Amino acid sequence: MKSWHCLVYIVVALLGFSIVTVYSTDTAMFAAGSNGYQFAKHLLWIVLSLAVLFAMSSVDYRHLQKLTYPIIAVSVISLILVLLPGVGTVANGARRWIRLGGIAGIQPSEFAKLAMIIFISNYIAKNHNHMHSFKRGFLIPLGFITLMGGLILLEPDFGTAAFIVILLMLMCMVGGTRIIFIFFTLLASAPFIYELIFSVTYRKIRFTSFLDPWQDPQGTGYHVIQSWIALGSGGLTGLGLGNSKQKLFFLPESSSDFIFTVIGEEFGFIGGMTIIVLFSLLLWQGLKIVSRTKDVFGFFLGLGITMMFGLQSVMNIAVVSGIIPTKGIPLPFLSTGGSSLLFSMLGIGILVNIAKQSFGCDTDKLLNDEVKEKLSVNERFFPVRITGKIISKISAFSW
């Protein structure tokens, strides 16, 4: 079975969990008197996203490298537009959505994740021989990363901004940026990060409540305590589909950011571990695809997308488990939210195409001049070579 087939099957399995869980939460809300239509919207976004996945899987990913600057320009413009009154929609005190009609909306920060992965992949591919230098290997990428993170922070969306910065800096480190540059930048930024967290009341409250949620169980600690109750009541096999009690107006965002909690309550420890195993398999298949990629751009594009899913799923599960402070990070393919699902499926489509292109180029039997040049680049490019060896060891595992 080809890697991209496994990838699609894993995504379909995750979507299956999402459908039954969102249906469960939506019907419960409707029975309780809420005019919920979340399930219908979610199905529409799934259909649209599947179409995007299969369309993108047929488009050569190398075209994205040629369109890097238009893509990043659209992303920056959309992040600016969402901040404008009358264009961006305010919800829960944040301006993060551009509404398209009365129902649909696009969250520019979700598009920014993919746009910046494409941009950084292109930048590393063109400057791989200079990634060890301070200016071209660290300062210039840091400038673009700071710009995007700053625009998202203005919404405000601290969680997504931090997520993008962490993801892209990890890509740069793999690409050859010296760790010492990043280390001293973090040290220099520590006072700014401290001020960023503790100068804003709700961020300070989130951080302090994370340390001890029981200090204010009906206020700042409410989210994580309700999540613990749900996960604990699920036991080994769960309460059964539709039998979650915490989703009945006790657990906020039960179908979006905290959907893993509902899965843990209704399907138990077995259901929660199934989700974790599915994400682990997705990362494994993503790494297998990356290990077979023959050009630097494709390597980092696939690696960035795979890391995006891995980091996002780890952060979401850590939040609902109370391991890290509450952040608005959705669980890929499971949480409701059209933008997150759409651009996640777009990322899967890109990974599928990378796999197809790599599979179609059998370099062991036929090496043309272009492929030889790309392979020689990888051989000289120390971080890619080392990372490729690590990835190949992981991806070589088979049943």
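These legends walk you through three close-up views of a predicted model.

**View 1. Thr 21 sits within helix α1.** The helix around this threonine covers residues 3–31. Thr 21 is buried, and its relative accessible area is 0%. Look for the side chain: one of its polar atoms lies 2.7 Å from the backbone oxygen of Phe 17. What does Thr 21 touch, leaving aside residues up to four places away in sequence? Its partners are Ile 259, Val 262, Ile 263 and Phe 267.

**View 2. Helix α8 has a kink at Ser 189.** This helix takes in residues 179–198. The bend at Ser 189 is about 45°, and the proline Pro 191 follows shortly after. How far apart are the end C-alpha atoms of α8? They are 27 Å apart, which agrees with the 28 Å that its 20 residues should span at 1.5 Å a residue. Follow the helix along and you will meet the buried residues Phe 181, Ile 182, Leu 196 and Ile 197. As for neighbours, the buried residues of α8 pack against α6 (134–153), α7 (158–175) and α9 (201–211).

**View 3. Cys 6 and Cys 172 are both buried.** Cys 6 has a relative accessible area of 18%, while the value for Cys 172 is 2%. Each counts as buried because its value is under 20%. How many disulfides does the model contain? The count is zero, with a disulfide taken as a pair of cysteine sulfur atoms within 2.5 Å.

Methods:
Residues are numbered from 1 along each chain as its sequence is written. This is a predicted model: local features need pLDDT of at least 70, side-chain atom pairs count only at pLDDT 80 or more; totals for chains, interfaces and linings use all residues. Side-chain values use heavy atoms; hydrogens and water are left out. Buried means under 20% relative accessible area, exposed over 50%, partly exposed in between (1.4 Å probe, protein chains only). Helices (H or I, at least four residues) and strands (E, at least two) are DSSP runs, numbered from the N terminus. A polar contact is a pair of N or O atoms within 3.5 Å; within protein, one must be able to donate a hydrogen and the other to accept it, and residues adjacent in sequence count only if both atoms are side-chain atoms. Contact means heavy atoms within 4.5 Å. The expected span of a helix is 1.5 Å times one less than its number of residues. The bend at a residue is the angle between axes fitted to the seven residues ending there and the seven starting there.
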